[in-house]
Amino acid sequence: MNMNCYLKTLYPVLLTAPLLAAFSVSADQTWPDLPQGVKNGVGAQVDSKIYVGLGSLGQDFYMLDLDNLEKGWQKQAQFTGPARDGATASVIGEDIYIFGGSGKADAKAKSPVIFDTVYRFDSQNNSWSKMQTTAPVGLLGAASYSPDNQQIVFFGGYNKPLFDKYLSDILTTDQKAQPEKWQKIVDDYMGLKPVDYQWNRQVLSFNPNTNQWQDLGSSPYLPNCGAALVTDKQNALLISGEIKPGLRTAEVKTYQFGQAQPWISEHPLPTPESQPLQEGVAGAFAGMSNGAVLVAGGANFHGAKQAFDQGNMFAHNGLAKAFNTETYVFKDGAWKQGNDLAEGVAYGLSFTVPQGVLMVGGEKTDKSASTKVAMLTWNGTQIEQQD
């Protein structure tokens, strides 16, 4: 396993935009590519404007006005906190809130940490501020959305003390001088059972107006990181994601905000035609088009599930990360496989807009960050991709 690749491949969350938007764009519109590639970043939508930043963009933040595509991506005020991968973003009103992520607290830091800080981006004034609160759990790799435009709800997230210690141990141990010690650190951490990572299993909410956090109850599932999230008013569909580093799940479930029994198990992702089983994916693109949920791309390790089922907890040891081209369509409670993407990609941002699912950036097979922006549309028979 290449530890440097692992540390760089932290988990962005796919934030889908509201399904009802008061703007329109020509169906045959060409979508402007980003000036810089983005992976492991955050995305959010405020009215007709979509925002992407952080991750491989460092502290940079860009905006695309869907009512004025000819202006292209416009650079916004730089993020004022430390650069980070794998943060999650959600919108209340016209403000974007940034939670979690992993990065170095300052230039002198020997290793990254999971951030527990919260930042607000005021889209009207193009300005950043730090909130006077701290997250009660690690939110690296978490998924989030607002069901009521008042509070933000979170699913999953890495355990901060455990992951901070692991990063510190691995990055302060000289691999060349102490190869056996270094390898033991990796093997011990990667060889844990899913429950031993102590990822966040509670559904949490944060209200920016009151600055208060609330526990909404425990999930009956193993907590996910890097899951795709598609929202429809108060409900959220959580698709796949990791249950431990290197191991995904094919599980799909619906969370119904405010219900006494909020969780519903959906059919899992189907087995792709090219593989003997469904590994599950992390960092997939997802959103709604013509009443169907579309899922595209994402990364996994082919063979990890079989190794895990045979009792190997370090299930992805020696396996290459696969950047998948498969797409899936979820409609009327059932899945079907769609036509493949032009290339495998994961860890980008996706937005539901009237035309379909807008895919922005992502990590490609060669590990580079993509600048590409493309639209996926379900026409009732197949998925159409338009650049």
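Here are some short exercises, each with a worked solution, on a predicted model.

**Exercise 1. The sheet that contains β28**

Work out which strands make up the open sheet with β27 and β31, and in what order they stand.

*Solution.*
Step 1: Trace the neighbours across the sheet. The order is β27-β28-β30-β31, and the pairing is antiparallel.

Step 2: Look for the edges. β27 and β31 each have a single partner strand, so one side of each is left without a neighbour in the sheet.

Step 3: Check how the sheet turns. From one strand to the next, the twist averages 25°.

**Exercise 2. β28 and its two partners**

Find how many bridges join β27 to β28, and how many join β28 to β30.

*Solution.*
Step 1: Start with β27 (residues 349-353), which is joined to β28 by five bridges. A hairpin of two residues connects β27 to β28.

Step 2: Turn to the other partner. Between β28 and β30 there are four bridges, and these strands run antiparallel.

Step 3: Pick out individual pairs. Val357 in β28 is the bridge partner of Thr352, and the partner of Val357 in β30 is Leu376. Met359 has Ala374 as its bridge partner in β30.

Step 4: Ask how covered the strand is. In β28 (residues 356-360), five of the five residues are buried.

**Exercise 3. A closer look at Thr352**

Decide whether Thr352 is buried or exposed, and find which backbone nitrogen its side chain reaches.

*Solution.*
Step 1: Place the residue. Thr352 belongs to strand β27.

Step 2: Compare its accessibility with the cut-off. The relative accessible area of Thr352 is 3%, and buried means under 20%, so Thr352 counts as buried.

Step 3: Follow the side chain. The side chain of Thr352 comes to 3.0 Å from the backbone nitrogen of Met288.

**Exercise 4. A second open sheet**

Give the order of the four strands in the open sheet that includes β14 and β19.

*Solution.*
Step 1: Read across the strands. The order is β14-β15-β18-β19, with antiparallel pairing.

Step 2: Find the edges. β14 (228-232) and β19 (263-265) each have a single partner strand, so one side of each lacks a neighbour in the sheet.

Step 3: Note the twist, which averages 20° from one strand to the next.

Step 4: Inspect one pair of strands. β15 (residues 235-239) and β18 (residues 252-256) pair over five bridges in the antiparallel sense. Ala236 stands opposite Tyr255 in β18.

**Exercise 5. The faces of helix α3**

Test whether the length of α3 (residues 179-190) agrees with the span expected at 1.5 Å a residue, then explain why its buried residues line one face.

*Solution.*
Step 1: Compare the spans. The twelve residues of α3 should span 16 Å, and the end C-alpha atoms are 16 Å apart, so the two agree.

Step 2: List the buried residues of the helix: Trp182, Ile185, Val186, Tyr189 and Met190.

Step 3: Look down the axis. The buried residues of α3 fall within an arc of 115°, so they line one face of the helix.

Step 4: Turn to the other side. The face of α3 directed away from its buried side carries the exposed residues Glu180 and Lys184.

**Exercise 6. Three salt bridges**

State how many salt bridges the structure holds, and describe some of them.

*Solution.*
Step 1: Begin with the total, which is ten salt bridges.

Step 2: Take a covered pair. Glu242 and Arg248 form a salt bridge with their closest N and O atoms 2.4 Å apart, and both residues are buried.

Step 3: Take a pair within a helix. Lys305 and Asp309 meet in a salt bridge at 3.0 Å, N to O. They are four residues apart in helix α4 (residues 304-309), so about one helical turn separates them. Lys305 is partly exposed, with a relative accessible area of 30%.

Step 4: Take a pair that links distant parts of the chain. Lys372 forms a salt bridge with Asp387, and their closest N and O atoms are 3.5 Å apart. Lys372 lies in the loop between β29 (363-364) and β30 (373-378), while Asp387 is in the segment after β31 (383-386), 15 residues apart. Lys372 is partly exposed at 23% relative accessibility, and Asp387 is partly exposed at 42%.

How values were computed
Residues numbered from 1 in each chain as written. Predicted model: local features only at pLDDT ≥ 70, side-chain atom pairs only at ≥ 80, totals over all residues. Heavy atoms only, no water. Salt bridge = Lys/Arg side-chain N within 4 Å of Asp/Glu carboxyl O. Buried < 20%, exposed > 50% of the residue type's maximum accessible area, 1.4 Å probe, protein only. Pairing = 2+ DSSP bridges. Expected span 1.5 Å × (residues − 1). Arc of directions from axis to C-beta. Polar contact = N/O pair within 3.5 Å; in protein donor to acceptor, adjacent residues only side chain to side chain. Axes fitted to C-alpha atoms, helices over the stretch in contact; angles between N-to-C directions.
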